Amino acid sequence: MSAPESKPLAHPVRVKIVLAVLAAALTVAGGVPLFKHRHFGTPFVAGPGVTKVIKLSDYSPGLKGRFVDADVFVMEGAEPGGKALIMANTHANEPAGYLAVKILIENAVVQKGTLYIIPTINVSASRNTKAGDGYPLYYDIPTDWGRVRFRMGTRDASPLESWPDPDVYIHYPDKQLLSYLDLRNTNRTWPGRPNGPMMERVTYAAMELMRKEKIDLAFDFHGAETMFPVTNCIVAPQKSAKFATLASMMVKAMEGFDSHVEPSPQNFRGLSHREIGDFSNTLPFLLEAPIPFLDQPTGPKTVKLLLDGKDPFLLSLAKKKKLFVSYDANGWPMDKRVGQHMSTTLEIIRQFSKKTPDRAIRLSGAPKYADLVRDGVGKYFHDPAKAEPGRIHYE
Amino acid sequence: MNVIMIFYYLITAALVCLLGWNLIREKKSANDMILGLLVMIPLVLRLLRVK
């Protein structure tokens with residue numbers, strides 16, 4: 001039976017104009033917040049320890065002029081020593097590491113050795129969002145002088161930088177088959193190649209930085225779900241395991257928090273803790289702090305959940321022993337997560353410096369776990385209104 | 001921007017043109033007009049390099 005033939009509209013042009021205007025209004029209403037988010041910058045005040053700010057493309061011309069080119073804050077001590085690289089926002093929906101490096105950049109001073117800090121290694125992911133999961137576009141951290149607004153990013157780079165996705169991502173150089181999405185995931189594209197897909201270029205530039213600058217230690221800050229087994233830990237390959245284990249024991253004994261050591265799997269390619277160790281002389285460490293916001297069975301993905309980590313569904317699951325971390329009504333607040341990253345990093349640097357005095361790194365001014373839990377992270381952010389204009393960098 | 005990405009932008013632009021042409025030709029169904037316009041929104045956002 002054929003469908004009844006509909007009659008022509010009485011005023012089709014008028015109807016089209018009205019509908020087109022409505023569609024344009026929807027496009028603008030949806031597009032403007034996303035455009036603003038993509039171009040929003042949080043001020044980072046280069047503290048007394050920052051000696052220069054360079055670009056990742058300085059190490060690989062394939063990134064020159066690209067949207068994904070990242071800032072590298074360099075903090076050189078008066079005395080030569082070892083070198084460490086700290087990277088945050090590999091996954092830009094795991095922001096504790098990003099806040100930790102902001103605190104380091106604004107407060108720390110290096111006396112011996114050099115620190116290289118990349119606040120956002122995946123620039124594109126930090127300017128992307130996950131609308132389907134109801135992610136907030138921004139979150140605010142209170143300080144004594146006002147609120148600091150940060151972009152909430154997501155795990156993968158935007159298709160605006162890397163499009164289309166393949167059916168399967170074939171890792172380079174191992175040829176391991178990974179998820180199609182991993183082409184835009186900077187923790188699957190290590191060690192990268194200079195003219196490969198965009199995220200491989202980013203990781204290649206970071207590898208070049210490590211090789212050319214002879215970096216001793218590399219830290220990659222992450223967050224992981226409380227229901228994911230690899231959480232609240234230091235992921236390290238065999239060559240880094242000694243320092244990770246010592247640091248894990250020391251933070252447990254001296255600072256009262258857990259961060260166990262997980263071995264870096266040899267057969268799972270593309271991860272920073274695996275490829276940095278295999279393709280350079282640097283000792284890699286990937287730090288995971290629990291982030292309840294990323295767990296699937298939670299309530300709405302609100303800023304409150306992101307910052308305090310309190311969720312009644314996770315609490316119920318914790319009582320059934322379904323989580324991989326201890327979890328109570330206090331949740332897992334941001335201050336605690338940032339503190340874990342900070343203290344674990346400082347402890348690994350301290351242990352490395354003790355064992356290799358000629359490559360030691362000594363720094364001061366960085367708050368530790370207890371300071372951050374007591375004072376809150378906002379206490380350590382500097383007011384850009386009081387900074388010299390040349391010292392402000394929008395990240 | 002690599003070659004395949006340029007092709008994808010050209011494909012997107014072609015789709016927007018086709019949807020626009022269908023909208024111009026449609027005389028009977030307001031539902032089809034709405035459908036065409038809604039499908040165009042993400043394509044336009046991609047062409048404008050917003051999302």
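**Entry 1: the two helices of chain B**

I began with chain B of this predicted model, where H1(B) and H2(B) turn out to be roughly antiparallel to each other, because angles over 145 degrees count as such and their packing angle is about 155 degrees. For my own orientation I noted that H1(B) covers residues 3-25 and H2(B) residues 30-47, with the two axes 9 Å apart. I then looked up the handedness and found that H1(B) passes H2(B) in a left-handed crossing.

Which residues make this contact? From H1(B) I listed B:Tyr9, B:Thr12, B:Ala13, B:Leu15, B:Val16, B:Leu19, B:Asn22 and B:Leu23, while the partners in H2(B) include B:Met33, B:Gly36, B:Leu37, B:Val39 and B:Met40. Sorted by class, the residues of this contact are 13 nonpolar, three polar and one charged.

**Entry 2: where chain B touches chain A**

Next I turned to the boundary between the chains, where 20 residues of chain B are in contact with 18 residues of chain A. Both H1 and H2 of chain B supply at least two residues each to the side that touches chain A, but the largest share, nine residues, comes from H2(B). By class, I wrote down 15 nonpolar, one polar and four charged residues for this side of chain B.

**Entry 3: a helix in chain A, checked for length and cover**

I moved on to H2(A), residues 96-107, and compared its length with expectation: at 1.5 Å a residue its twelve residues should span 16 Å, and the end C-alpha atoms are 17 Å apart, which agrees.

Is H2(A) mostly covered or mostly open? I found it mostly covered, since a residue counts as buried when 20 or more other C-beta atoms lie within 10 Å of its own, and eleven of the twelve residues of H2(A) are buried. Among the buried residues I noted A:Tyr98, A:Leu99 and A:Ile103, and also the charged A:Lys102 and A:Glu106.

**Entry 4: a second helix pair, in chain A**

Last, I looked at H5(A), residues 241-255, and H9(A), residues 334-355, whose axes come within 9 Å and cross at roughly 125 degrees. That angle makes H5(A) oblique to H9(A), and H5(A) passes H9(A) in a right-handed crossing.

On the H5(A) side I listed A:Phe243, A:Ala244, A:Leu246, A:Ala247, A:Met250, A:Val251 and A:Glu255, which meet A:Ser343, A:Thr344, A:Glu347, A:Ile348, A:Gln351 and A:Phe352 in H9(A). The residues of this contact divide into eight nonpolar, three polar and two charged.

Key: Residues numbered from 1 in each chain as written. Chains lettered and ligands numbered in written order. Predicted model: local features only at pLDDT ≥ 70, side-chain atom pairs only at ≥ 80, totals over all residues. Axes fitted to C-alpha atoms, helices over the stretch in contact; angles between N-to-C directions. Helix = DSSP H or I, 4+ residues; strand = E, 2+ residues; numbered from the N terminus. Parallel < 35°, antiparallel > 145°, perpendicular 65-115°, else oblique. Left-handed = near helix turned anticlockwise from the far one by under 90°. Contact = placed C-beta atoms within 7 Å. Expected span 1.5 Å × (residues − 1).
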